[in-house]
Amino acid sequence: MVVMTAIETEIAEEAARAGADKSVPLRRPGLRFLLGFAVPIVLALGWEAAVRLGLVQGRLMPPPSRVLSTLYQLAASGELLRHVIVTTARVAAGFALGVVAATLVGAIAGASKLTRDLVDPTLQGLRAVPSIAWVPLFILWFGIYEQSKIILIAVGCFFPVYLGMLGAILSVDRKTVEVGRIFRLSTPALVRRILLPAILPEYVVSLRAGLGLGWMFVVAAEFMGASEGLGYLLVDGQQLGKPAQIIAAIVAFAILGKLSDWLIVLVSSPFLRWEDRFARS
């Protein structure tokens with residue numbers, strides 16, 4: 001029995017070492033970062049090769065080399081940086097406004113059944129309204145200046161964060177709260193040690209979803225008579241027949257969206273280290 005136990009222990013340790021060795025490469029931040037570029041690089045190289053070999057025309061869908069040349073020209077002239085700063089500022093302002101409002105309303109609705117019964121049906125109905133439907137109304141109310149654009153972005157960010165906050169509060173296990181009360185935790189301690197850790201993971205996911213919608217809503221916002229921003233580059237490229245400029249603006253949107261999403265993950269990671277998840281990102 002002792003011999004068998006020793007053998008089984010050695011086999012288990014060897015399997016654990018083998019599993020750890022296999023997982024090490026994927027845990028290296030540099031490798032995972034480069035792995036994320038694999039799909040877009042392969043697609044870009046494939047399309048570039050297809051255009052150069054004459055298999056497809058690159059007039060309406062220009063090859064990556066032409067898109068990169070357009071990005072370089074915009075960057076060298078300083079125009080790209082100006083549009084990026086304007087669009088990022090609009091998204092940041094709208095996201096902040098939408099998150100604050102959604103967090104407060106979601107927290108109150110989650111804590112109060114009466115408030116939830118009064119407010120939630122109306123918000124669920126408004127959530128189904130397309131973003132473009134708000135544009136003419138906001139133009140009438142706020143004009144075509146920055147205020148209307150920021151409010152439109154805030155509306156887009158509001159609903160995912162509201163739903164995430166409300167759902168997170170409603171999904172808190174009642175038993176964990178009762179355990180805190182058994183240990184006679186004060187209300188601030190109960191919120192800090194039990195409620196916040198239970199709510200935070202789903203809340204972070206809702207923030208990421210809201211930010212993604214913020215980048216989509218800024219395009220609709222910049223259709224409202226904007227003379228600056230990446231949305232303006234899209235419209236300008238469409239009106240002047242510049243497909244390379246349109247795709248360059250789309251690429252800029254993708255890069256900015258990924259960077260902002262990564263920033264949320266980076267900031268929230270220290271607060272989620274306690275999670276014992278099956279697959280950690």
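This report walks through the fold, the confidence, the charged pairs and two buried spots of a predicted model.

## Ground rules

Because the model is predicted, local features are reported only at pLDDT of at least 70 and side-chain atom pairs only at pLDDT 80 or more, while totals for chains, interfaces and linings use all residues. Residue numbers start from 1 along each chain as its sequence is written, and side-chain values use heavy atoms, with hydrogens and water left out.

## Overall fold

The protein has 12 helices and 0 strands, where helices are DSSP runs of H or I with at least four residues, strands are E runs of at least two, and numbering goes from the N terminus. Reading along the sequence, you get α-α-α-α-α-α-α-α-α-α-α-α.

Of the 281 residues, 34% are buried; that label means under 20% relative accessible area, with exposed being over 50% and partly exposed in between (1.4 Å probe, protein chains only). About 17,800 Å² of the protein is exposed, and carbon and sulfur atoms supply 70% of that. Those areas come from the Shrake-Rupley method with a 1.4 Å probe, and for residues only the protein chains shown count as cover. As for contacts (heavy atoms within 4.5 Å), take those with a separation of 6 or more: 69% of them are between residues 24 or more positions apart.

## How far to trust it

The mean pLDDT, the predictor's per-residue confidence from 0 to 100, is 82 for the protein, and 86% of the residues score at least 70. Among the elements, helix α5 (residues 79-111) has the highest mean at 93, and helix α1 (residues 2-27) the lowest at 48. Within residues 1-8 the pLDDT is below 50, and that stretch has 0 contacts in the model beyond near neighbours in sequence. Residues 18-26 are also below 50, with 4 contacts beyond near neighbours.

## Salt bridges

Side chains of opposite charge can pair when their charged atoms come close. The working cut-off here is a side-chain nitrogen of Lys or Arg within 4 Å of a carboxyl oxygen of Asp or Glu. A search of the whole structure turns up 6 salt bridges. One of them joins R90 to E222, with the closest N and O atoms 2.8 Å apart. R90 sits in helix α5 and E222 in helix α10 (residues 187-222), so this pair ties together parts that are 132 residues apart in sequence. Both ends are tucked away: R90 is buried at 4% relative accessibility, and E222 is buried at 2%. There's also a salt-bridge network, linking R90, E146 and E222.

D261 and R208 meet in another salt bridge, 2.8 Å from N to O. This one links distant parts of the chain, with D261 in helix α12 (residues 243-268) and R208 in helix α10, 53 residues apart. D261 is buried at 15% relative accessible area, whereas R208 is partly exposed at 36%. Then there's D117 with K113, whose closest N and O atoms are 3.0 Å apart. Both lie in helix α6 (residues 113-127), 4 residues apart, or about one turn of the helix. Here D117 is partly exposed at 44% relative accessibility, and K113 is exposed at 54%.

## A buried acid without a partner

D236 lies in helix α11 (residues 230-239). It is buried but has no salt bridge, and the nearest side chain of opposite charge, K242, is 4.5 Å away. For charge, Lys and Arg count as positive and Asp and Glu as negative, with His and the chain ends not counted.

What D236 does have is a 3.0 Å polar contact between its side chain and that of Q245. A polar contact is a pair of N or O atoms within 3.5 Å; within protein, one must be able to donate a hydrogen and the other to accept it, and residues adjacent in sequence count only if both atoms are side-chain atoms. Setting aside residues up to four places away in sequence, D236 touches K242 and Q245.

## Around V99 and S206

V99 lies in helix α5 and is buried, with a relative accessible area of 12%. Its C-alpha atom is 6.7 Å from that of C157, 58 residues apart along the chain. Beyond four places in sequence, V99 is in contact with V161, Y203 and L207.

S206, in helix α10, is buried at 4% relative accessibility. The S206 side chain reaches the backbone oxygen of Y203 at 2.5 Å. Not counting residues up to four places away in sequence, S206 touches P160, V161 and G164.
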